[in-house]
Amino acid sequence: MLAPLVDVLAGAAATGSAVVGLYIGYQAYRGLRRNDEPAMQYLAAGMILLFGVTYLLAVVSQGLIAFRIVSISLQNVFRLLVRLLQLVGLSLIAYSLHLAAGHPTR
């Protein structure tokens, strides 16, 4: 009886996270447009991936599975994609911090 409510709340929280994450990525992109620094390019891309795309993929994949549009056997594939995107996003953010600290790339 409580499980459907928990599922709805979890879905709402994930959707909210995706929306807020995309907003954060958009703000980072605006900062990039103002400053035009290479570090900001990597920061914006990393934030969009980490805070927006990964949550969006998680929400969409859960919906596809919940409504039986795709098989539950693909759940682990979606999970892997989310984790890989998180890793790439974090790596881009770390690289942007490396650049911002004044460490040259060459």
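The following paragraphs lead the reader through a predicted model of one protein chain, from its overall form to individual residues.

The secondary structure of the chain consists of 3 helices and 0 strands. Read from the N terminus, the order of elements is α-α-α. Helix H1 covers residues 2-35, helix H2 covers residues 38-66 and helix H3 covers residues 75-100. The C-alpha atoms occupy a box of roughly 55 × 25 × 20 Å along the principal axes. The radius of gyration is 17 Å, whereas a compact globule of 106 residues would have a value near 13 Å. Of the 106 residues, 23% count as buried. Among contacts with a separation of 6 or more, 68% are made by residues 24 or more positions apart.

The reach of a helix can be followed along H1. Ala 3 belongs to this helix, and the C-alpha atom of Ala 3 is separated from that of Tyr 29 by 39 Å, the two residues being 26 apart along the chain. Ala 3 has a relative accessibility of 46% and therefore counts as partly exposed, since that class lies between the buried limit of 20% and the exposed limit of 50%.

The packing of the helices comes next. Two packed helices are described by the angle between their axes and the distance between the axes. For H1 and H2, the angle is about 165 degrees and the axes are 8 Å apart. H1 is therefore roughly antiparallel to H2, because angles over 145 degrees are placed in that class. The crossing of H1 and H2 is left-handed. The residues of this contact comprise 16 nonpolar, 8 polar and no charged.

The pairing of H2 with H3 may be described in the same terms. Their axes come within 7 Å and cross at roughly 165 degrees, so H2 and H3 are likewise roughly antiparallel to each other. This crossing, too, is left-handed. In the contact of H2 with H3, the residues divide into 24 nonpolar, 8 polar and no charged.

Individual residues show where H2 and H3 meet. Gly 46, in helix H2, has a relative accessible area of 0% and is therefore buried. Which residues does Gly 46 touch, leaving aside those up to four places away in sequence? They are Gly 89, Leu 92 and Ile 93. Gly 46 also lies 8.6 Å from Gln 86, C-alpha to C-alpha, although the two are 40 residues apart in sequence. From the other helix, Ser 96 offers a second view: this residue lies in H3 and touches Ala 39, Tyr 42 and Leu 43, again not counting residues up to four places away in sequence. Is Ser 96 buried or exposed? With a relative accessible area of 3%, Ser 96 is buried, because the limit for that class is under 20%.

The last stop is the loop between H2 and H3, where Arg 68 is placed. Most residues other than glycine have a negative phi. Arg 68, although not a glycine, has a positive phi of about 55 degrees. Its relative accessible area of 74% means that Arg 68 is exposed, whereas Gly 46 in H2 and Ser 96 in H3 are buried, at 0% and 3% respectively.

Methods:
Residues are numbered from 1 along each chain as its sequence is written. This is a predicted model: local features need pLDDT of at least 70, side-chain atom pairs count only at pLDDT 80 or more; totals for chains, interfaces and linings use all residues. Side-chain values use heavy atoms; hydrogens and water are left out. Axes are lines fitted to C-alpha atoms, for helices over the stretch in contact, and angles run from 0 to 180 degrees between N-to-C directions. Helices (H or I, at least four residues) and strands (E, at least two) are DSSP runs, numbered from the N terminus. Angles under 35 degrees count as roughly parallel, over 145 as roughly antiparallel, 65 to 115 as roughly perpendicular and the rest as oblique. A crossing is left-handed if the near helix is turned anticlockwise from the far one by less than a right angle, and right-handed if clockwise. Ala, Val, Leu, Ile, Met, Phe, Trp, Tyr, Cys and Pro count as nonpolar, Asp, Glu, Lys and Arg as charged, and the others, Gly among them, as polar. The radius of gyration is taken over C-alpha atoms; the globule rule is 2.2 Å times the number of residues to the power 0.38. Buried means under 20% relative accessible area, exposed over 50%, partly exposed in between (1.4 Å probe, protein chains only). Contact means heavy atoms within 4.5 Å.
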